[in-house]
Amino acid sequence: MANMEVPFAIVADIGGTNARFSRVDLSSLQLDKVAVYPCADFPTLAEALQFYREQQGVTAIRHVAIAIACPVTGDLVKMTNFSWQFSISEMKQQLDLAEFIVLNDFTAVAMSLPALTSNELVKVGSGNTQSGKPMAVLGAGTGLGVAHLIPTPAGFIPLPGEGGHVDFTAQTEQEWFIQNFLAKKYGHVSPERLLSGPGLEDLYLAIAAFKGQQVEALNAAQIAGKALDNSCQLCTAVVAQFFASLGGLAGDLALTLSTFGGVFVAGGITPKLLSLIESSEFRSRFEAKGRFKGFNSGIATFVVTAEQPGLTGCAVYLKQHLASSHHGI
């Protein structure tokens, strides 16, 4: 096996604010030597990676896979929310790497799904998972990420996409109001306009207007905090709407690709609000698909509570890539 020849690799998860690096044992997928650096401390990603290699004494490791928060469609990678940009081929040569793989951050999260353990997942509602069937993952944070994962006999194929930018579909009187409220502000209303940190802030203002309440704007962390300690009815209503809409979209993804392998909710927001998801409409809206209610009822839904799914996903992808290269696939 190729991973016996390459026991260790470096994996990284590069966001708009922080760059997270780790060594990984490719045989066990165990992560160690984790370090987090502010991106602003380095002029380039190459310098951040080289600093990590030297600081951690891992300059001999020449296999690297990174997840990055932007589209990866060719050799030139430009970050969406930060100034770093680089050529994959030039950086591989510059740092004398044997392998340098760059993945979209949600592609990496999708690749982590087969490696997650039961204590890194919280099941919501009924349904079962079937091995060898497609999976879906969605995650609300700064934006809304969506991807699928297809198992094949030769390994897993991640299907990244921009499913957070499809049309939001209103189902209730409150949601029609929210849709009109957001359309006046943005024009097109996508699920990301509700299911993200900025989305929570917009939902707060929209639901206040729907209820005829005058309020000062709150940030996403304040809204979440007040919903969790039940100190603000409006904040509780915002989180309830967030989970209802999240469940509806998760159900759409399940239908689109018959994801009998499960639907997984990742991202920074949902794990923080985990105590409120069971009492929400998340699961009922996931199943509320008319004639296909029975179809979705059989599909399991989970919240991903793993600390570093992006790092794990990079490791899974690299391990699979090395194995397929080794066998000439």
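This is a tour of a predicted model, from its open sheet to its nonpolar cores.

Residues are numbered from 1 along each chain as its sequence is written. Local features need pLDDT of at least 70, side-chain atom pairs count only at pLDDT 80 or more, totals for chains, interfaces and linings use all residues, and side-chain values use heavy atoms, with hydrogens and water left out.

**The sheet**

Select the six strands of the open sheet, which has mixed pairing and the order β8-β13-β12-β9-β10-β11. Strands are DSSP runs of E, at least two residues, and helices are runs of H or I, at least four, both numbered from the N terminus; two strands pair if DSSP finds at least two bridges between them. At the edges are β8 (121-124) and β11 (155-161), each paired on one side only. From one strand to the next, the twist averages 25°.

Next, pick β9 (residues 135-140) and β12 (residues 263-266), which run parallel and are joined by four bridges. Leu138 has Val265 in β12 as its bridge partner.

**Helices on the sheet**

Add α4 (residues 105-112), which packs on the sheet and touches β9, β10 (144-152), β11 and β12; contact means heavy atoms within 4.5 Å. Its direction makes about 45° with that of β10. Angles run from 0 to 180 degrees between N-to-C directions, and axes are lines fitted to C-alpha atoms, for helices over the stretch in contact. Then show α8 (residues 233-257), which lies across β9, β10, β11 and β12 and runs at about 155° to β9.

Keep α8 and add α6 (residues 197-210): the two axes come within 9 Å and cross at roughly 115°. Residues to display in α6 include Leu203 and Ile207, and those they meet in α8 include Val238 and Phe242.

**The cores**

Now turn to the largest nonpolar core, of 47 residues. A nonpolar core is a set of buried Ala, Val, Leu, Ile, Met, Phe, Trp, Tyr and Cys residues joined through side-chain atoms within 4.5 Å, where buried means under 20% relative accessible area (1.4 Å probe, protein chains only). Among the members that touch the most others are Leu138, Phe242 and Phe282. α8 gives the most to this core, with 12 residues. Centre on Phe282: beyond its neighbours within four places in sequence, its contacts include Val124, Phe243, Leu246 and Val265.

A second, separate core of 30 residues includes Phe42, Ala48, Met79 and Ile88.

**The hairpin**

Finish at β2 (residues 18-25) and β3 (residues 30-38), antiparallel and joined by seven bridges. Asp25 stands opposite Gln30 in β3. Four residues lie between the strands of this hairpin, and Leu29 in the turn has a positive phi of about 65°.

Conventions: Buried < 20%, exposed > 50% of the residue type's maximum accessible area, 1.4 Å probe, protein only.
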